[in-house]
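This report examines the architecture of a single protein chain. It proceeds from the chain as a whole to one sheet, and then to selected residues.

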Amino acid sequence: MKSKIKFTLALSFCLLAIMAMSLFFAFLFLSFKGKSSEKTQERIILGFSQIGSESAWRTRNTQSIFEAAEANGIQILFDDAQQKQENQLKAIRSFIVYQVDVIAFVPIVEEGWDNVLQEAKDADIPVILVDRKINADPSLYAGFLGEDGLEEGRRAARFLLNKCKNKIGPVQIYEMSGTENSSVVRDRAKGFREVISTDSKFKIIHSEDGDFLRSRGKEIAEKLIENTRQYSSNGRYKSDGLYIEKQKIDAVYSHNDSMTLGLLDTIDNYGINTKNTIIISVDAEQKSIDALKEGKLNCVVECNPNLGPMLMNLVKQIAEGKTIPRITYNSETCFTEDDDFSQYQPRGY
């Protein structure tokens, strides 16, 4: 009888121990699951430095990123560098101090980023380049997202070659370049030259830095128009086109719409007839598309500012510990005077 009682007590003890162990492990599992769930629900923090708001394109680019961040539940720490690299360097260092999850920025120029990117790498914070590339050790940043500047330049040149295929004699080109030492300027210039070099009649007679600004486009146009008085017989402006150093300009290749629109403003103010001047621009803001419809432009190469959704996708991949592509290009097209304008959709910027 006593043996039976002892057996029963031992069995009960074992069952209680098993139940206690089960409850303990269940508690650990639920605690781990709760912490894991809490971690996955934390908002990703993105530090983003924009170069400024110099154009409708840039404003739309910033809006796209904010809209996509909100749609994806990503928090943004934002900085407007106001066209100054030193401001961007300060912003990136502040993001590092704040310990954001990812840093993204639009580099105003190519050089001068190695030290700050090394600081981000040492802090284990990945960096994504947006819109413009840099000249730095590729191991210091995760990848690039933006436009294919080389192809944009090629598209502009292909249109010009086709437009002038039956023209006899030289085609003299005036180039309005963007911000000096920026990757997009280098690529748009290189792609354009790559294509026009296939035909010796195309010649760039002058390239002027317009810093991607509408005000500089106006200044450049005024300078061109004023120069015509220096060699005209009656001291008046020539009104049959644009000239530089006594050479008539057959085509203008502008690296962005802001400079182009500044040029057009001045042409209108002085009553210059540029009907026979081929004008090509890059960006495809609504105002440049309107000018294309009005016959003031001949070709507008698109540079798509809507990078937000693609950027947030890359940010989430990085936050999950995944490797992103080294280069991600946005989809872009080209608008020309030969298009069916009724098919155009509002640009939204």
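The following paragraphs describe a predicted model.

**The chain as a whole**

The chain contains 10 helices and 14 strands. Of its 349 residues, 48% are buried. The accessible surface amounts to about 17900 Å², and carbon and sulfur atoms contribute 52% of that area. Among contacts with a separation of 6 or more, 74% are between residues 24 or more positions apart.

**The open sheet**

An open sheet is built from 6 strands in the order 7-6-10-11-12-14, and its pairing is mixed. The edge positions are taken by strand 7 and strand 14 (334–336); each has a single partner strand, so one side of each lacks a neighbour in the sheet. From one strand to the next, the twist averages 15°. Strands of a sheet pair through backbone hydrogen bonds, in either the parallel or the antiparallel sense.

Three of the pairings in the sheet are set out below.

| Strand pair | Sense | Bridges |
|---|---|---|
| Strand 6 and strand 7 (residues 202–209) | parallel | 7 bridges |
| Strand 6 and strand 10 (residues 251–254) | parallel | 4 bridges |
| Strand 12 (residues 299–302) and strand 14 | antiparallel | 3 bridges |

Individual residues mark the register of these pairings. Methionine 176 lies opposite glutamate 208 of strand 7. Strand 6 and strand 7 are connected in the chain through helix 6 (residues 183–196), and this β-α-β crossover is right-handed. On the strand 10 side, isoleucine 173 stands opposite alanine 251. In the antiparallel pair, valine 300 has phenylalanine 335 of strand 14 as its bridge partner.

**Strand 6**

Why is strand 6 largely enclosed by the rest of the structure? In strand 6 (residues 171–177), 7 of the 7 residues are buried, and the strand is therefore largely enclosed by the rest of the structure. The burial applies to both directions in which its residues point: Val171, Ile173, Glu175 and Ser177 face one way, Gln172, Tyr174 and Met176 face the other way, and all are buried.

Glutamine 172 belongs to strand 6. This residue has a relative accessible area of 17%, below the 20% cut-off, and is therefore classed as buried. The side chain of glutamine 172 comes to 2.8 Å from the backbone oxygen of lysine 248. When neighbours within four places in sequence are set aside, glutamine 172 is in contact with Lys203, Ile205, Gln247, Lys248, Ile249, Asp250 and Ala251. Lysine 248 thus appears both as the residue whose backbone oxygen is reached and in the list of contacts. Ala251, another residue in that list, is the residue that isoleucine 173 faces across the pairing with strand 10.

**Serine 183 in helix 6**

Helix 6, the helix of the crossover between strand 6 and strand 7, includes serine 183. Is serine 183 buried or exposed? With a relative accessible area of 3%, serine 183 is buried. The side chain of serine 183 reaches the backbone nitrogen of lysine 133 at 2.7 Å. Apart from neighbours within four places in sequence, serine 183 is in contact with Glu110, Arg132 and Lys133.

Methods:
Residues numbered from 1 in each chain as written. Predicted model: local features only at pLDDT ≥ 70, side-chain atom pairs only at ≥ 80, totals over all residues. Heavy atoms only, no water. Buried < 20%, exposed > 50% of the residue type's maximum accessible area, 1.4 Å probe, protein only. Helix = DSSP H or I, 4+ residues; strand = E, 2+ residues; numbered from the N terminus. Pairing = 2+ DSSP bridges. Right-handed = clockwise from strand over helix to strand, strands pointing away. Axes fitted to C-alpha atoms, helices over the stretch in contact; angles between N-to-C directions. Polar contact = N/O pair within 3.5 Å; in protein donor to acceptor, adjacent residues only side chain to side chain. Contact = heavy atoms within 4.5 Å. Areas by Shrake-Rupley, 256 points an atom, 1.4 Å probe, with all protein chains shown as cover.
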